[in-house]
Protein chains: 8
Amino acid sequence: MSGDVVFDFARAERIGLSEAVFCAGKTPQQIAAILQSASERDAGLLLTRLDAEKFAALPGELKAATEWCPLSQTAFFGPVPPVSSAGTIAIVAAGTSDAPAAREAERTLRHAGVEASVIIDVGVAGLWRLMDRIEEIRRFPVVIAVAGMDAALASVLGGLYSGSLICVPTSVGYGAAEEGRTALNAMLASCAPGLVITNIDNGYGAACAALRMLGVMKLR
Amino acid sequence: MSGDVVFDFARAERIGLSEAVFCAGKTPQQIAAILQSASERDAGLLLTRLDAEKFAALPGELKAATEWCPLSQTAFFGPVPPVSSAGTIAIVAAGTSDAPAAREAERTLRHAGVEASVIIDVGVAGLWRLMDRIEEIRRFPVVIAVAGMDAALASVLGGLYSGSLICVPTSVGYGAAEEGRTALNAMLASCAPGLVITNIDNGYGAACAALRMLGVMKLR
Amino acid sequence: MSGDVVFDFARAERIGLSEAVFCAGKTPQQIAAILQSASERDAGLLLTRLDAEKFAALPGELKAATEWCPLSQTAFFGPVPPVSSAGTIAIVAAGTSDAPAAREAERTLRHAGVEASVIIDVGVAGLWRLMDRIEEIRRFPVVIAVAGMDAALASVLGGLYSGSLICVPTSVGYGAAEEGRTALNAMLASCAPGLVITNIDNGYGAACAALRMLGVMKLR
Amino acid sequence: MSGDVVFDFARAERIGLSEAVFCAGKTPQQIAAILQSASERDAGLLLTRLDAEKFAALPGELKAATEWCPLSQTAFFGPVPPVSSAGTIAIVAAGTSDAPAAREAERTLRHAGVEASVIIDVGVAGLWRLMDRIEEIRRFPVVIAVAGMDAALASVLGGLYSGSLICVPTSVGYGAAEEGRTALNAMLASCAPGLVITNIDNGYGAACAALRMLGVMKLR
Amino acid sequence: MSGDVVFDFARAERIGLSEAVFCAGKTPQQIAAILQSASERDAGLLLTRLDAEKFAALPGELKAATEWCPLSQTAFFGPVPPVSSAGTIAIVAAGTSDAPAAREAERTLRHAGVEASVIIDVGVAGLWRLMDRIEEIRRFPVVIAVAGMDAALASVLGGLYSGSLICVPTSVGYGAAEEGRTALNAMLASCAPGLVITNIDNGYGAACAALRMLGVMKLR
Amino acid sequence: MSGDVVFDFARAERIGLSEAVFCAGKTPQQIAAILQSASERDAGLLLTRLDAEKFAALPGELKAATEWCPLSQTAFFGPVPPVSSAGTIAIVAAGTSDAPAAREAERTLRHAGVEASVIIDVGVAGLWRLMDRIEEIRRFPVVIAVAGMDAALASVLGGLYSGSLICVPTSVGYGAAEEGRTALNAMLASCAPGLVITNIDNGYGAACAALRMLGVMKLR
Amino acid sequence: MSGDVVFDFARAERIGLSEAVFCAGKTPQQIAAILQSASERDAGLLLTRLDAEKFAALPGELKAATEWCPLSQTAFFGPVPPVSSAGTIAIVAAGTSDAPAAREAERTLRHAGVEASVIIDVGVAGLWRLMDRIEEIRRFPVVIAVAGMDAALASVLGGLYSGSLICVPTSVGYGAAEEGRTALNAMLASCAPGLVITNIDNGYGAACAALRMLGVMKLR
Amino acid sequence: MSGDVVFDFARAERIGLSEAVFCAGKTPQQIAAILQSASERDAGLLLTRLDAEKFAALPGELKAATEWCPLSQTAFFGPVPPVSSAGTIAIVAAGTSDAPAAREAERTLRHAGVEASVIIDVGVAGLWRLMDRIEEIRRFPVVIAVAGMDAALASVLGGLYSGSLICVPTSVGYGAAEEGRTALNAMLASCAPGLVITNIDNGYGAACAALRMLGVMKLR
């Protein structure tokens, strides 16, 4: 079975984006094998969707080298780059329940050396919460907006802010929220122009998209 | 075939709400038969979903007695009650494309003697448009909010306005708008508390719900 | 992580509706933090979707100040307002399995000082059960109808009762009931005019809609 | 292309049910070829889903031998058996818009020599219409119930009538009616026990099911 | 909470069909309350969807009076009528995995005094299994066909058998089987004429439909 | 706009399968440009989904060089290879309405020099039709099975025939047939082992898959 | 009805993005009213989803001032800004059928003064087509990838190119392509990290997102 | 209950394909009964979807005769045929998470005496991984491609490889991956011609299809 565990350490160099270990479909044994392999190369790794049970099942010395965040279910294994960039990316979440995806984005950026600002609980059902902070938000060239249920935050923000707006629908809600499908569709169908969207709960992907944009700037 | 055409004139009295002829599934012949029967009783009728082609196909004298509105595809046949109530209901629509459902609601209310105020193009992608009129909207005890696509207007309004808020999703949009299903789900999953929703494009139903609420007041 | 826990105590005053803590997406730690914060302000709170496991995990003194109802999975924390209104709202449920949503609506209203009447097991597959109580139901200006499966209760009631009818579809049923989607769609597509609908199992939302209607009356 | 047109005249004998030509997916040329072949065998045929355009495109002498009903879009070609049975089957439809499916069932039964009784416009949003005729309906051992939108008629009838109840959902309605899917699901999820369901708008299938039941009786 | 537990013992008499306690949405406490109430009236009850955990949680003396079948998750509480009819109904299932729904139908019929014959594992992927027993099946005026996945058994049987064919789709399968929706749709869309369908896994409903048909015969 | 019309004549050589012009999303002008370009290279082309209107709109000399089949909506432009293989592939269709997809497969194979045998109207609702021809079918190493509605033909054939079985679901049917989705899912969920499936109505794809299989043999 | 036609000329200034007239839900009269109003202000406008029929129905002098592109169904009304930026954005489309969305993006950018490069027919089923041009594509900091059906182009490009990648799913395809939903979902679920997605066929939205990114650069 | 456990040992001979015990819907008791019966006939069996819990629950001597693979959840009971064929089938999987379905295919082939080659982690988001091995893959006449999420591997491979390509979508991914439905649809809608598809996660079915193809060769 170990022959099935492959990890492409060369990829990060080629694509220039942080490669992560997506743990949702892997057993603790498979994750441990990847960490062991990274350890032998002195490579640092970001782990996503690492739940408490799998983290607990890692061998002791690997676990000790792993900084795990229960809210975002992410972990840093081995060396983490120093902060090389700050003030370019804000992560804005509608409510407390959206925090896991927001924090996943924040941690992914941090693992790539980018420090993001996080603003939580500005959902538009209480519009004053967003209006109180809109000037602060406008200072960032890239904003990641995280919202579930009706995802109305994305549309309102899209009309108030003219920079790059990466939208992350979350699976927060029940019934007609359809496990995030409604938030996803509402963001896609938003009448605010120029929003771009990631998969449901995909804070990691939104962070990668932001990193692509920062790269864009470098290229010029 | 004419034996299949039945219309329950007694119903309006029993339920106390305006009975309407829903024309979408009926042939011009069937509609004409109902109008003829109403004409013999001197009864007035509201017709909904009456498109241009069916209206044109009505016999001349029936057509002459019918006041048809192409935008809302509604018609008044025969006597229309005088205005007996005004200032209680506002109809608020996100954009020009939502006007047909908004006007269907307005005309249904008018046929029941209630004059509603209509405010169009206050979609939240341009938030200032709504904020400019929010004080005016707050004066009405009942508001019908009409919006398609992401339907974010409903959530924002639900946080700014404390009266009864009847939401009508519309089929405006394409792709992920899913012919109104996204607007419907977003309204149902809204984090603004206490919104109530009707079927997609159902301006008639929203007007009837508002009439039920006015009736509520009478009962006390 | 505690920085992600925010609760908007000012909101209840602004919107004029009972703010509730939706516990489904929150950890016991997050819920406890909110309760602690409310305790410090002497504020009362309604908690919804609080399951037995989370309730049991609350710290002792917070749990002691919490009156929990296992059927509706709601709780009252701290002071509850006295009954200020009664006789205006009836909650009508099709069957025993619909009781959780019906009781969630009742408890939400009670937390806002409104005493509702609850009538359970009047599903229309046994029509006599509804007919036996229809006169009693007609005395209320606002009725909340709770039903799952085919939700036929809503349509029948919509034809027999002329007041405001707020419909709550429930996730009761299996297979083609599609976890409440069929009841939701049947209520939305009902041929009884003027029904308004909330999200699936959303007794809280229906109660808030009823409170908006009572507010309507006050405004006049 | 004519090699692709096959019709199994032997089938009616084998299965003992009326074989019909389903015209929806066939060209006028293909339909004409089948009629010609039937004509040569002196066989009678029932045609379903034959729209006005296709009927008009049939060759003159074949058209002359065809008795076409525009409402149900069915036709009788050639000899029709005399009425051999009556008083066993009632077809009950919720509204005028459901008449096409109801008439398709009636015509299918008639082509098999069974005369059914048709009762239209007893939808439960006006419950008195059904109650006025329930005693008449109870006299039939088999009832075909035809309804669209919320299909609440099926559940109410299922609680008032103890014979065989074959339910036909129709595509009447819009938005959340989902082209008949909601009526179909509501009938399947009905809490009235022992309802059986056919495909959407499938009056032909309901009639065949009724014929199977009549055959059941013969077998004993 | 006990005020929410209602059971309509009068219903069985009115509708003439076996009333059952659907346990899926009920707590052991609620089920026990209904059994207690039945016990006081010396009434027998059929329980459906009673899983092992709930059965184990019933109070000892009630459990002792309950004959529970783990495969079909049904139970007989109290007196069971003697067999009054046999040889009229066959239950035919495609595979071993379809046995629970088939046995639910069998037990429902048995509780109403009707002894059915059960034939399992005649799925059409091995056509000879069905052909070996088709003559036996043809002797029954009513057949209940139970199948999941592609449900092809229903179509093949519908072409070989001319009596009443009640089809029960099951949730057997994975992926494109879509938890029974594919079997349901395939049965509804079958080209074999006159099949009638129940909800997914609804063996109870199919049995009730068969009882309605037997009643039909009595009425004549 | 003509810069957007590109056709990859080199592809057929690279992939070794017949490249076709899929006309559904193209204007007559775009199709004509491709034909003109093929004409200049003396290349033959297969056109699929070419409807009557587009065929009629082609310029005269291009139309003259095009052999069009109205049933399958395919056309041969320019030289067609001689028949180089026969007796290896049978195309089996459930009914007359499935003929267009069956003929699309036949014509695609013919354009690649392979003559297939076509057997239409062996749907399993009349099982004897299939049984009469099963020995003939078994002689072919590859069978393409074409069926809509419930697609039960695929499962039955899969149990009677042990060669390669490529299944093409068709959009034949209405309501619960869901425009071919039910046939597709039923084929995917079939309990007959080893069926492989193409897109709905994709006779062209099934033919290409068969050509891949014939190539397989060549490779050995 | 003209009171329902509103156009927010102030919006472009506020949000800093090109405001466009979405013509799909508007009548020619409504479009003409907006153009007239723009004409009076000497404002230029971009029109999207303007089909041939509506363009033809515009009054003569307005039509004369409108430069219409039939492929992309866009039009420039009045003054168009000069090209102010080039070489920053490439639009890459999988096939000829994706050209309409690609051209809508190109025209939207052009109307904002940005000249994009368009590369069509590099779908990955013929991988060499993409590989031939990948170096050219890598020179652009922002790429808009347009693809329908399986949308595999997006994933392959996402692994070969490290700049900002905005993905536009198109409705090209049939059956399981589900009118663009499959391409949308495949892009959202891509394992290539950091892709961002717009609504189906939304070339306009992708162009606006690219403009937001260019604005980002300006802000620094 | 044991009467419901049937296993058709004759089938393998008739259909010429390996019959397997699909354990997902069966209890350990039912599985044990089948194994016991196989043991008495000295028959070997392949078991699929046998999870750790069920395997552990088998009686000791049956478990001892069972070679279980935890990754693929398959088991070999009793005698396994020797390898009779090799070098004809490659199984190519996009990533580590797709290994279970890939290994299910490999084990199914092995149980039929066919040794397949397995190549894992060649997903196209890192195209070089596939290109490094494409020449090796091209040597096999039949390839089984296993991929989840966007399933882009199938389309790219379909353009690079001309043999038989059997595609297995997997349920790997979240959100818009829709439990494998997106991979399934993307494979069905692929623009690479001649792909054939199995059910989601159906490695067993893909192996059976490959065996049918090998049989094809034998027949000639």
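Start by selecting F:Arg49, which lies in the loop between strand 2 (45-48) and helix 3 (52-56) of chain F. Keep in mind that you are looking at a predicted model. The backbone deserves a look here: F:Arg49 has a positive phi of about 50° although it is not a glycine. Most residues other than glycine have a negative phi. Is F:Arg49 buried or exposed? Neither label fits, because 19 C-beta neighbours inside 10 Å make F:Arg49 partly exposed, and a residue needs 20 or more to count as buried.

**Two more loops, chain D**

Jump to D:Glu179, in the loop between strand 8 (164-169) and helix 9 (181-188) of chain D. Its phi is near 55°, again a positive value in a residue other than glycine. D:Glu179 has 18 C-beta neighbours inside 10 Å, so it counts as partly exposed.

Staying in chain D, pick strand 3 (residues 66-69) and strand 4 (residues 74-77). They run antiparallel and are joined by four bridges. Colour D:Trp68 and you'll find D:Ala75 opposite, in strand 4 of chain D. What sits between the two strands of this hairpin? Four residues do, and D:Gln73 takes a positive phi near 55° in the hairpin.

**Out to chain A**

Now isolate chain A and show the cartoon: there are 10 helices and nine strands to step through. Of its 220 residues, 62% count as buried. If you like contact maps, take the contacts between residues at least 6 apart in sequence: 69% of them join residues at least 24 apart. Colour by confidence as well; the average pLDDT of chain A is 89, and 89% of the residues score at least 70. For the complex, the predictor gives an ipTM of 0.93 and a pTM of 0.94.

Next, pick out the open sheet of four strands in chain A, ordered 1-2-4-3 with mixed pairing. Which strands stand at the edges? Strand 1 (20-22) and strand 3 (66-69) of chain A do; each has a single partner strand, so one side of each is left without a neighbour in the sheet. From one strand to the next, the twist averages 20°. Zoom in on strands 3 and 4 of chain A, which pair in the antiparallel sense over four bridges. One pair to label is A:Glu67 with its bridge partner A:Phe76, in strand 4 of chain A.

Then colour chain A by domain: the assignment gives domain 1 (2-77) and domain 2 (85-219). Where they touch, domain 1 of chain A supplies 12 residues and domain 2 of chain A supplies 13. On the domain 1 side, strand 2 (45-48) and strand 4 (74-77) of chain A are the elements that give two or more residues to the contact. How do the residues on that side split by class? The side of domain 1 of chain A that touches domain 2 of chain A has six nonpolar, six polar and no charged residues.

**The sheet in chain H**

Switch to chain H and select its open sheet of four strands, in the order 1-2-4-3 with mixed pairing. The edges are taken by strand 1 (20-22) and strand 3 (66-69) of chain H, each with a single partner strand, so one side of each has no neighbour in the sheet. Neighbouring strands of this sheet are turned by 20° against each other on average, direction ignored. Strand 3 of chain H runs antiparallel to strand 4 (residues 74-77) of chain H, and four bridges join them. Look for H:Trp68 here: its bridge partner in strand 4 of chain H is H:Ala75.

Before leaving this chain, click H:Arg138 in helix 7 (residues 134-138) of chain H. It has 15 other C-beta atoms within 10 Å, which makes it partly exposed. Try the distance tool on H:Arg138 and H:Ala154: these residues are 16 apart along the chain, and their C-alpha atoms are separated by 14 Å.

**Last stop: helix 9 of chain E**

Finish with helix 9 (residues 181-188) of chain E. Eight of its eight residues are buried, so this helix is largely enclosed by the rest of the structure. Among those to label are E:Arg181, E:Asn185 and E:Met187. What do the buried residues pack against? Within chain E, show strand 7 (142-147), helix 8 (152-160), strand 8 (164-169) and strand 9 (196-197). Then add chain F, whose helix 9 (181-188) also packs against the buried residues of helix 9 of chain E.

How values were computed. Residues are numbered from 1 along each chain as its sequence is written. Chains are lettered from A and ligands numbered from 1 in the order in which they are written. This is a predicted model: local features need pLDDT of at least 70, side-chain atom pairs count only at pLDDT 80 or more; totals for chains, interfaces and linings use all residues. A residue is buried if 20 or more other C-beta atoms lie within 10 Å of its own, exposed if 12 or fewer, and partly exposed in between; C-beta atoms are placed from the backbone. Two residues are in contact if their C-beta atoms, placed from the backbone, lie within 7 Å. Two strands pair if DSSP finds at least two bridges between them. Axes are lines fitted to C-alpha atoms, for helices over the stretch in contact, and angles run from 0 to 180 degrees between N-to-C directions. Domain bounds come from an automatic or database domain assignment. Ala, Val, Leu, Ile, Met, Phe, Trp, Tyr, Cys and Pro count as nonpolar, Asp, Glu, Lys and Arg as charged, and the others, Gly among them, as polar. pLDDT is the predictor's confidence in each residue, from 0 to 100.
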